[in-house]
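Me: I have a structure to read and some terms to check against it. Please take my questions in turn.
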Amino acid sequence: MQTTTKSGFQPSGRMYLLLAIAIFGAANAVTRKLTELGELNLVDGRNPISFCNVLFVGNLCALILLAITYSREWRKPVLQKIQWQDWLSMTVVAILGAALVPTLIFTALAITPINNVILISQIDTPLVLALSVWVLGDRVNKWVVAGAVVSFLGVGLTVLIQPPGADHMMTMGVAIGRGAFLTVIAAVIKAIANLVSKISLREIPLGIFSVFRMLVGTIFFFVVTIVLYGPEHFMDVGSPFLWQWMLFYSAIIVVAGQALWFNGLKRSTASEVSFATAFNPIVGILSAFVLLGEIPTLGQYIGGVVILAGVALNQMGVQRLNLMRPSQRPSQKEMSEAGGFKGI
């Protein structure tokens, strides 16, 4: 006789993952929407929800919420087991993933359509694959490789088939928008951060990694901004209007999103995780349309279709790889990768 839970319903791992992807995919559109809301509530002629304030205060709110969520993991016996090399690796990953990547992405969001950022950022998938095969010797098949190549081609088409704009510049003889260029650089840095995580952070508890990453990233961004632009750059950082929206944003995007993601990882196979992640660009584009009314351009349509074709090929390859290991669960490496840029 089958038993049921007290509630009579037990969410599946895939449901947790898809809910998390829905939150993460909407993050960029929500960020842009908040800055537009700030334009309607100026403080002495300044937007209190500028991208810079969103990044700093959003990270600070996320740090507080994550510290509360994972406070039980920060115990002295656990911390004493972490070697200094691990702290150094976590610091590098934090600076790359929690400071440099979001700074580049937020700058790109301010000067280019969101769909550009969403589609072009998909280049990190083939980059991570290439680095994993080259450095770690990860095993892949022809379908996964074909998917990576097609996705890379789709990103290239998205970049090249764009109407000329004021932010376009010449790079290696090719006209490319500054926002697109910054997004590519962010994807490269994110791929490197993921590789460092795979190599060095296999045994680090998730709660310690998440909190430390956010702490170092927030401090690094604050110090660099003060040095480059001066303290007046954070003039409106104490705005109650800014804080109320950032607390809400951090609670949903960072804490709720990550909680759903990690619960999904515990209940899912590696192929299910890959399947759920494939929906991220689709959710992002739909969110940009619903929240901002942003309609994809011809270049984005063409590039997006090619990218989705690459994602489909990649899925076929992942499914074939996992036929030999159907019960495989996501590893700590995939857990740490989930701590990458998700709106903050």
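Me: What makes cysteine 61 buried?

Reply: Buried means under 20% relative accessible area, exposed over 50% and partly exposed in between, with a 1.4 Å probe and protein chains only. Cysteine 61 has a relative accessible area of 0%, so it is buried. Cysteine 52, with 16%, is therefore buried too. This is a predicted model: local features need pLDDT of at least 70, side-chain atom pairs count only at pLDDT 80 or more, and totals for chains, interfaces and linings use all residues. Residues are numbered from 1 along each chain as its sequence is written, and side-chain values use heavy atoms, leaving out hydrogens and water.

Me: How many disulfides are there?

Reply: A disulfide is a pair of cysteine sulfur atoms within 2.5 Å. By this rule the count is zero.

Me: How do you know that the length of helix α12 agrees with its number of residues?

Reply: Helices are DSSP runs of H or I with at least four residues, numbered from the N terminus. The expected span is 1.5 Å times one less than the number of residues. For the 13 residues of α12 (residues 280–292) that gives 18 Å, and the end C-alpha atoms are 17 Å apart, which agrees.

Me: Which residues of α12 are buried, and why are they said to line one face?

Reply: Pro281, Val283, Gly284, Ser287 and Ala288 are the buried ones. Seen down the axis, they fall within an arc of 160°, taken from the directions from the helix axis to the C-beta atoms, so they line one face. The face turned away from the buried side carries the exposed residues Leu286 and Val290.

Note on methods. Helix = DSSP H or I, 4+ residues; strand = E, 2+ residues; numbered from the N terminus.
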